[in-house]
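Got a bound ligand and want to know what it's touching? Let's go through it one question at a time.

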Amino acid sequence: MAGNITLTIIKPDAFGAGKAGKVLAHLEQQGFTVRAARVMHLTQAQAGEFYGVHRERPFYGSLVSFMTSGPCMPMILEKADAVASLRTAIGATDPAQADEGTVRKLFAESKERNAIHASDSDENAERESRFFFSESDVLAAK
Ligand code: GDP
């Protein structure tokens with residue numbers, strides 16, 4: 001059965017441009033509820049670990065540099081079938097390919113500076129939630 005929580009990050013481009021409120025309002029309008037939230041400025045080590053799956057990709061260094069360029073806003077969101085629902089709501093990685101009305105179509109600047117992260121599986125939602133939040137925060141969110 002699909003889980004009801006997922007992990008999102010309003011990335012430094014959108015947060016720094018003062019779009020966090022608009023992104024969150026957009027998601028709340030689509031039925032997502034915030035169960036945990038924080039604002040933090042990732043270190044190189046944290047961003048490198050979070051995106052470790054992309055370590056061999058040519059854009060890895062640039063991605064880590066972008067993700068450490070300013071504060072971001074990780075959140076645990078709740079909704080039925082949360083992972084799939086949020087992936088649909090954010091749209092394609094490249095905003096030029098994203099459907100109308102998606103977060104990336106509305107707020108992203110480029111394929112890298114694309115406003116928002118969303119977990120791609122229940123397993124990663126759990127792992128990524130624990131990356132940013134305490135055990136008790138994650139348990140309370142579920
Ligand atoms: P997502 O699940 O849609 O966020 O996409 P991925 O997991 O494939 O990539 C993680 C993040 O790396 C994306 O959200 C972008 O910020 C960045 N990224 C992905 N592909 C590229 C690329 O081809 N070039 C650059 N510069 N950044 C990329």
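Q: Which residues surround the ligand?
A: Keep in mind that this is a predicted model. Being near the ligand here takes a heavy atom within 4 Å of it. The residues that surround the ligand are Lys11, Tyr51, His54, Phe59, Leu63, Arg87, Thr93, Arg104, Lys111, Glu112 and Asn114.

Q: How many residues of that shell are nonpolar, polar and charged?
A: Tyr51, Phe59 and Leu63 are in the shell, and Tyr, Phe and Leu count as nonpolar. Sorting the whole shell by class gives three nonpolar, three polar and five charged.

Q: What is the distance from a ligand oxygen atom to an N or O atom in the side chain of threonine 93?
A: A polar contact needs a pair of N or O atoms within 3.5 Å. Arginine 87 offers a side-chain N or O atom at 2.9 Å from a ligand oxygen, and a polar backbone atom of glutamate 112 lies 2.8 Å from one. For the side chain of threonine 93, the distance is 2.6 Å.

Q: How much of the ligand's exposed area does the protein bury?
A: Start with the ligand taken alone, which exposes 550 Å². Of that area, the protein buries 77%.

Q: Where does the ligand sit?
A: Look at the pocket that holds about 540 Å³ of space. It has 22 lining residues, and the closest to its centre are Tyr51, His54, Phe59, Leu63 and Thr93. The ligand sits in this one, the largest pocket.

Q: Which helix and strand each supply at least two residues of the lining of the largest pocket?
A: By class, that lining has seven nonpolar, six polar and nine charged residues. The elements that each supply at least two of its residues are β4 (116–118) and α7 (122–132).

Methods. Residues numbered from 1 in each chain as written. Predicted model: local features only at pLDDT ≥ 70, side-chain atom pairs only at ≥ 80, totals over all residues. Heavy atoms only, no water. Polar contact = N/O pair within 3.5 Å; in protein donor to acceptor, adjacent residues only side chain to side chain. Areas by Shrake-Rupley, 256 points an atom, 1.4 Å probe, with all protein chains shown as cover. 1 Å grid on protein atoms, 1.4 Å probe; cavity = no way out; pocket = protein on both sides within 12 Å on 5 of 7 lines; lining within 4 Å. Sits in = over half its atoms within 2 Å of the grid points. Points joined across faces, edges and corners; volume = space filled by probe spheres on them. Helix = DSSP H or I, 4+ residues; strand = E, 2+ residues; numbered from the N terminus.
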